[in-house]
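Please take a moment to look over the structure shown here, with its chains side by side, before reading on. The explanation is meant to be followed with the model in view.

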Amino acid sequence: MLPLMERELVGPYMSKDDFLDVTAVAQSAPGIMAINVAILTGYRLKGVWGALLATCGAAVPSFVIILLIALFFRKFAENPIVRRVFMGVRPAVVALIMVPVFNLAQSARVNFKTVWVSILVALAVWLLGISPVYVVLLAVCGGILLGKKERAK
Amino acid sequence: MIYIQLFFTFLKIGLFNFGGGYAMISFLQNEVVYKQAWLSTVEFTDIVAISQVTPGPVGINLATYTGYTASGNIWGASIATIAVCLPSFILLILAGKYLFATREKYGTAWRVLRLVVIGLIASAALALCNGENFTDYKSILLCVGAFLAVWKFKQGPITVLLASTVLGLLLY
């Protein structure tokens with residue numbers, strides 16, 4: 001969605017530098033990246049109302065499409081053809097979620113000294129059912145303390 | 001009250017998910033499938049698949065669809081969608097610049113967070129590996145094939161999911 005946003009926004013609404021600035025700030029916040037870009041762009045151009053309208057604009061099309069699909073899917077979920085189709089789709093979905101694990105591990109330059117953090121998180125959430133919320137909280141607090149210690153050295 | 005629960009569940013996800021659409025799957029699994037049991041793993045897997053091939057932000061697609069399935073109506077879908085956007089809306093407008101400054105100031109925390117996100121996405125994939133999603137050896141082959149198609153041969157998710165629908169029809 002970001003390349004599309006860049007094409008629409010850069011030029012009529014902001015400069016390329018502004019857009020890069022907006023995406024950088026958007027990435028620093030939790031939530032949905034494309035929505036964050038919409039919030040910031042709307043806010044820059046027209047304040048809080050601009051932010052609100054831009055957010056609605058970015059969310060409403062997906063919202064409507066998903067609702068239509070959900071209505072359709074609810075009707076046809078028991079259809080034998082749909083069932084066969086989804087028996088093929090489900091394993092592929094699992095594969096799609098595995099790929100970013102490896103891509104991110106590469107771009108974050110995960111090594112033997114750091115990989116245990118990811119492994120522990122995966123096991124804690126998967127096997128013990130610990131909420132990702134606590135994991136993120138712990139990581140933020142731990143990271144801040146660790147950073148302080150590093151700077152003190 | 002399902003609506004109040006939906007609101008706070010998605011508010012929490014909107015506030016704590018720093019990892020994008022894939023990490024959000026792990027939050028949703030924990031809240032919606034594991035804790036609240038609003039959806040079964042199979043229902044949830046189908047929702048993830050549909051959210052991937054539908055245009056628009058995956059996070060919005062996931063929120064709308066889970067909200068709809070959990071409540072059975074448009075109100076649940078609306079509440080979940082609004083709630084997931086609300087925290088970043090407030091944070092970015094009140095403290096956008098400050099949030100960005102934390103990237104330098106708390107660089108270590110951000111780096112730890114990246115490692116955590118990798119673990120969260122891995123847990124999401126592992127939690128979907130059950131007997132309902134993998135019915136036989138053919139589904140394992142499908143998964144490996146899809147993984148290689150995206151990872152090694154750089155195919156897009158939509159291409160791979162569409163191919164898997166055809167394979168589903170042929171194999172089952």
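The paragraphs below go from the interface of two chains to a pair of helices within that interface, and then to salt bridges.

Keep in mind throughout that this is a predicted model. When chain B and chain A are considered together, 88 residues of chain B are found in contact with 84 residues of chain A. The two chains bury about 7,800 Å² between them, and 80% of that area lies on carbon and sulfur atoms. On the chain B side, the residues that lose the most area to chain A are Leu92(B), Leu115(B) and Ile118(B), although together they account for 8% of what that side buries.

Which polar links cross this interface? The rule finds 14 residue pairs in polar contact across the interface of chain B and chain A, with both residues at pLDDT 80 or more. Eight helices of chain B, from α1 (2–16) to α8 (157–171), each supply at least two residues of the side that touches chain A, and α6(B) gives the largest share of that side, with 20 residues. Sorted by class, the side of chain B that touches chain A holds 55 nonpolar, 24 polar and nine charged residues.

One pair of helices shows how the chains meet in more detail. Helix α4 of chain A, covering residues 80–107, packs with α3(B) at an angle of about 75°, and the axes of the two helices are 9 Å apart. Because angles of 65 to 115 degrees count as roughly perpendicular, α4(A) is described as roughly perpendicular to α3(B). In this contact, residues of α4(A) including Phe86(A), Val89(A) and Arg90(A) meet residues of α3(B), among them Val42(B), Asp46(B) and Ile50(B). The residues of the contact divide into eight nonpolar, one polar and two charged.

Side chains of opposite charge can pair when their charged atoms come close. Asp46(B) forms a salt bridge with Arg90(A), and the closest N and O atoms of this pair are 2.7 Å apart. Across the interface of chain B and chain A, the rule finds two salt bridges, while a search of the whole structure finds eight over all chains. Within chain A, Glu6(A) forms a salt bridge with Lys16(A), where the closest N and O atoms are 2.4 Å apart. This pair links distant parts of the chain, since Glu6(A) sits in helix α1 of chain A and Lys16(A) in helix α2 of chain A, 10 residues apart.

Technical notes
Residues are numbered from 1 along each chain as its sequence is written. Chains are lettered from A and ligands numbered from 1 in the order in which they are written. This is a predicted model: local features need pLDDT of at least 70, side-chain atom pairs count only at pLDDT 80 or more; totals for chains, interfaces and linings use all residues. Side-chain values use heavy atoms; hydrogens and water are left out. Contact means heavy atoms within 4.5 Å. Buried area is the accessible area (1.4 Å probe) that two parts lose on being put together, summed over both. A salt bridge is a side-chain nitrogen of Lys or Arg within 4 Å of a carboxyl oxygen of Asp or Glu. A polar contact is a pair of N or O atoms within 3.5 Å; within protein, one must be able to donate a hydrogen and the other to accept it, and residues adjacent in sequence count only if both atoms are side-chain atoms. Helices (H or I, at least four residues) and strands (E, at least two) are DSSP runs, numbered from the N terminus. Ala, Val, Leu, Ile, Met, Phe, Trp, Tyr, Cys and Pro count as nonpolar, Asp, Glu, Lys and Arg as charged, and the others, Gly among them, as polar. Axes are lines fitted to C-alpha atoms, for helices over the stretch in contact, and angles run from 0 to 180 degrees between N-to-C directions. Angles under 35 degrees count as roughly parallel, over 145 as roughly antiparallel, 65 to 115 as roughly perpendicular and the rest as oblique.
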